[in-house]
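Me: Before I plan anything at the bench, I would like to go through this structure with you, one question at a time. Could you reason each answer through for me?

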Amino acid sequence: GPVHPAQAVLRPIFARVIAVRDRSGDQVVIGTIDAQGYSIAYQNGPYGFADITADMARELKIPASHILLQSTHTHNGPDDIGVWGGVPTSYLAYVKSQMETAIRRAVAAQRPAVLRWSTASMTGFSHTFGSDSDSTHTGDNHDYPPDNQLRVLQALTPRGQVIVTVVNYSTHPTVYGPLNKVSPDWPGATATFL
């Protein structure tokens with residue numbers, strides 16, 4: 001955003017999507033963009049997650065409730081929700097186009113696979129980022145309990161070769177702090193490693 005412009009790229013940011021369809025044809029799509037946040041809807045045009053979901057549901061005949069979209073919340077990603085000044089409308093249109101392209105590609109690339117999943121408790125690593133000692137109560141675990149689960153979904157070929165691994169961990173990806181470089185922070189490093 002204009003308040004904190006990036007001067008370089010530490011690591012590229014992406015729209016990542018996995019599409020899974022079972023034998024009976026039920027389809028689900030999970031998509032993530034590397035950004036500080038992303039709104040369900042925008043006043044300046046049809047660029048929100050709800051708009052993407054509606055377009056893809058209509059085009060691909062996937063129930064809107066089966067299209068799950070999220071952002072990684074990296075503080076070194078684009079400010080698509082306007083906390084630090086926002087981004088131009090043209091960038092929101094670009095993100096929407098890229099996410100829709102990623103969804104189409106993921107659905108078209110589906111192939112027979114075996115799915116496996118697991119979870120791990122991250123208790124001790126997961127916490128809200130504030131404290132309950134001030135008037136904001138941002139660290140109030142009663143009202144805002146931390147999600148302590150790390151979830152992994154993996155698709156393998158029938159011969160056991162990994163097709164894709166998805167990691168979901170609801171924590172605050174600000175390892176690098178506010179840099180002057182674009183970065184997806186640890187979620188991007190994890191995706192690159194996997």
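Reply: What follows is a set of questions and answers on helices, sheets, aromatic rings and one buried residue, all taken from a predicted model.

Me: At roughly what angle do the axes of helix α1 and helix α2 cross?

Reply: Two packed helices are described by the angle between their axes and the distance between the axes. Here helix α1 covers residues 49-60 and helix α2 residues 89-108, and their axes come within 10 Å. α1 passes α2 in a right-handed crossing, and the angle at which the two axes cross is roughly 35°.

Me: How many of the residues in the contact of α1 with α2 are nonpolar, and how many are charged?

Reply: On the α1 side the contact is made by D51, I52, D55, M56, E59 and L60, while α2 brings in K96, M99, E100, I103, R104 and V107. None of these residues falls in the polar class, and the contact divides into 6 nonpolar and 6 charged.

Me: Which strands stand at the edges of the sheet with the order β2-β3-β4?

Reply: This is an open sheet of 3 strands with mixed pairing, and its twist averages 10° from one strand to the next. Strand β3 (residues 27-33) runs parallel to β4 and is joined to it by 5 bridges, with T32 standing opposite Q70. An edge strand has a single partner, so one side of it is left without a neighbour in the sheet, and this applies to β2 (15-21) and β4 (67-71).

Me: Which strands of that sheet does α1 touch?

Reply: Helix α1 packs on the sheet, and its direction makes about 150° with that of β4. The strands touched by α1 are β3 and β4.

Me: In the sheet with the order β5-β6-β7, which residue stands opposite L156?

Reply: The 3 strands of this open sheet pair in antiparallel fashion, and neighbouring strands are turned by 15° against each other on average, direction ignored. β5 (114-121) and β7 (162-169) stand at the edges, and β7 is joined to β6 (residues 149-156) by 7 bridges. Opposite L156, the residue in β7 is V162.

Me: Is the aromatic pair of Y38 and Y42 stacked or edge-to-face?

Reply: A pair of aromatic rings is described by the distance of the centres and the angle of the planes. For Y38 and Y42 the centres are 5.3 Å apart and the planes make 75°, and planes over 60 degrees apart count as edge-to-face. Both residues are buried, ring pairs link them with F49 into a cluster, and the geometry of the Y38 and Y42 pair is edge-to-face.

Me: Where do Y91 and Y94 lie, and are they buried or partly exposed?

Reply: The rings of Y91 and Y94 form a tilted pair, 6.0 Å centre to centre with 40° between the planes, and the two residues lie 3 residues apart in helix α2, about one turn of the helix. Buried would require under 20% relative accessible area, whereas Y91 has 24% relative accessibility and Y94 has a relative accessible area of 46%. In helix α2, therefore, Y91 and Y94 both count as partly exposed.

Me: How far apart in space are D185 and N76, C-alpha to C-alpha?

Reply: D185 has its place in helix α3 (residues 185-193) and, because its relative accessibility is 0%, counts as buried. Setting aside residues up to four places away in sequence, D185 touches T74, N76, P173, T174, V175 and Y176. N76 is 109 residues away from D185 in sequence, yet the C-alpha to C-alpha distance in space is 7.2 Å.

Technical notes. Residues are numbered from 1 along each chain as its sequence is written. This is a predicted model: local features need pLDDT of at least 70, side-chain atom pairs count only at pLDDT 80 or more; totals for chains, interfaces and linings use all residues. Side-chain values use heavy atoms; hydrogens and water are left out. Axes are lines fitted to C-alpha atoms, for helices over the stretch in contact, and angles run from 0 to 180 degrees between N-to-C directions. Helices (H or I, at least four residues) and strands (E, at least two) are DSSP runs, numbered from the N terminus. A crossing is left-handed if the near helix is turned anticlockwise from the far one by less than a right angle, and right-handed if clockwise. Contact means heavy atoms within 4.5 Å. Ala, Val, Leu, Ile, Met, Phe, Trp, Tyr, Cys and Pro count as nonpolar, Asp, Glu, Lys and Arg as charged, and the others, Gly among them, as polar. Rings of Phe, Tyr and Trp (its six-membered ring) pair if their centres lie within 6.5 Å; planes under 30 degrees apart count as stacked, over 60 as edge-to-face and the rest as tilted. Buried means under 20% relative accessible area, exposed over 50%, partly exposed in between (1.4 Å probe, protein chains only). Two strands pair if DSSP finds at least two bridges between them.
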